[in-house]
Amino acid sequence: MNETISTILRRRSVRAYRPDPVGEAELDLMLEAARHAPTAMNQQPWHFTVIRNRELLDDLEEHCITAFIESKNSALREVAKMAGFSVFYRAPMLVIISGDPDALAPQNDCTLAMENMMIAATSLGIGSCWTNAVMMYYATDKGKAAFEELGVTFPEGYQPYAAAAFGYPAEPYPETPPKKANCVTILD
Ligand SMILES: Cc1cc2nc3c(=O)[nH]c(=O)nc-3n(C[C@H](O)[C@H](O)[C@H](O)COP(=O)(O)O)c2cc1C
């Protein structure tokens, strides 16, 4: 198996992190990998926001949890009340990829960029976990206002399409969850 395939297979959603920051050189490589993702008509309609400020990460986490607890969705309320519930898992870095909603396929473009980032991170020994809370929270008026208040703003008109926590995985590294095998049709 070559190195690329083995890196793809090794990537897991990491939900426990060491507090040490992701190195500057590593972050540059991850962002470079992200910027090389394919985009519809090469529009690259994206912006990368990297949050490493511990206080800001904690504030954002608190806002998201409160929103979940106050949500009309009972599943969200239940999950947020569970002991040890965390949105960013105390990761030292959160990356939000925002995009231009008027682009051809901003959700696909931003998601592909985030996957490149996560694979690049894995190759550098850095863990990651997609975090849906950012998009869910931003979709509410309260969430938008909270992001603004915290100084987490995006280019004019852009909205977040992908968010993931990054950091060095705490031991033990996650086991591979069951992966569906029966999902391929090949027409020769
Ligand atoms: C669109 C999307 C949303 C996700 N949201 C969350 C999330 O909010 N919190 C979380 O811990 N993991 C989240 N995940 C990670 C999935 O739970 C994880 O990818 C899945 O369980 C498979 O595990 P693996 O990534 O280790 O292969 C999300 C993944 C995707 C693709």
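Visitor: Where is Ser86 found?

Guide: This is a predicted model, and in it Ser86 sits in the loop that runs between helix 4 and strand 2.

Visitor: Is Ser86 buried or exposed?

Guide: A residue counts as buried when its relative accessible area is under 20%. Ser86 has 13% relative accessibility, so it is buried.

Visitor: Which side chain does Ser86 make a polar contact with?

Guide: Its partner is Glu61: the two side chains are joined by a polar contact of 3.1 Å. Glu61 is a good residue to find on your screen next to Ser86.

Visitor: Now to the interior. Which residues touch the most other members of the largest nonpolar core?

Guide: That core has 25 residues, and the ones with the most contacts to other members are Ile51, Leu94, Ile96, Val134, Phe147 and Val152. Helix 3 (54-69), helix 4 (74-81), strand 2 (93-99), helix 6 (133-138) and helix 7 (141-150) each give two or more residues to this core. Helix 3 provides the largest share, with six residues.

Visitor: Let me pick one member. What does Val134 touch?

Guide: Leaving out residues up to four places away in sequence, Val134 touches Phe88, Leu94, Ile96, Phe147, Pro160 and Ala163. There is also a second, separate core of 24 residues, and among its members are Ile97, Met114, Tyr161 and Phe166.

Visitor: Where is Ala121, and what does Ala121 touch?

Guide: Look in helix 5 (residues 106-123) for Ala121. Its relative accessible area is 0%, so Ala121 is buried. Again leaving out residues up to four places away in sequence, Ala121 touches Met30, Ile126 and Phe166.

Visitor: How far apart are Ala121 and Arg11 in sequence and in space?

Guide: Sequence distance and spatial distance are two separate things to read. Ala121 and Arg11 are 110 residues apart in sequence, and their C-alpha atoms are 8.7 Å apart in space.

Visitor: I can see a ligand too. Which residues surround the ligand?

Guide: The surrounding residues are Arg11, Arg12, Ser13, Arg15, Tyr89, Cys129, Trp130, Thr131, Asn132, Pro177 and Lys179. Sorted by class, this shell holds four nonpolar, three polar and four charged residues.

Visitor: How do I read the polar atoms around the ligand?

Guide: Start from the oxygen atoms of the ligand and look for N or O atoms of the protein. One ligand oxygen is 2.9 Å from an N or O atom in the Arg11 side chain. For the side chain of Ser13, the distance from a ligand oxygen to an N or O atom is 2.6 Å. With Asn132, a polar backbone atom is 3.1 Å from an oxygen of the ligand. On its own the ligand has 620 Å² of accessible area, and the protein covers 59% of that.

Visitor: Let us finish with the backbone. Which peptide bond is cis, from Glu171 to which residue?

Guide: For this feature, read the omega angle. The bond from Glu171 to Pro172 is cis, with omega near -10 degrees. Pro172 lies in the segment after strand 4 (159-167).

Visitor: What is the phi of Asn42?

Guide: Phi is another backbone angle to check. In Asn42, which is not a glycine, phi is positive, near 50 degrees. Asn42 belongs to the loop between helix 2 (24-35) and strand 1 (46-51). Its relative accessibility is 53%, so Asn42 counts as exposed.

Visitor: And what about Gln44?

Guide: Gln44 is not a glycine either, and its phi is positive, about 45 degrees. Gln44 is in the loop between helix 2 and strand 1. At 33% relative accessibility, Gln44 counts as partly exposed.

Terms used:
Residues numbered from 1 in each chain as written. Predicted model: local features only at pLDDT ≥ 70, side-chain atom pairs only at ≥ 80, totals over all residues. Heavy atoms only, no water. Core = buried A, V, L, I, M, F, W, Y, C linked by side-chain atoms within 4.5 Å. Buried < 20%, exposed > 50% of the residue type's maximum accessible area, 1.4 Å probe, protein only. Helix = DSSP H or I, 4+ residues; strand = E, 2+ residues; numbered from the N terminus. Contact = heavy atoms within 4.5 Å. Near = heavy atom within 4 Å. Polar contact = N/O pair within 3.5 Å; in protein donor to acceptor, adjacent residues only side chain to side chain. Areas by Shrake-Rupley, 256 points an atom, 1.4 Å probe, with all protein chains shown as cover. Nonpolar A, V, L, I, M, F, W, Y, C, P; charged D, E, K, R; others polar.
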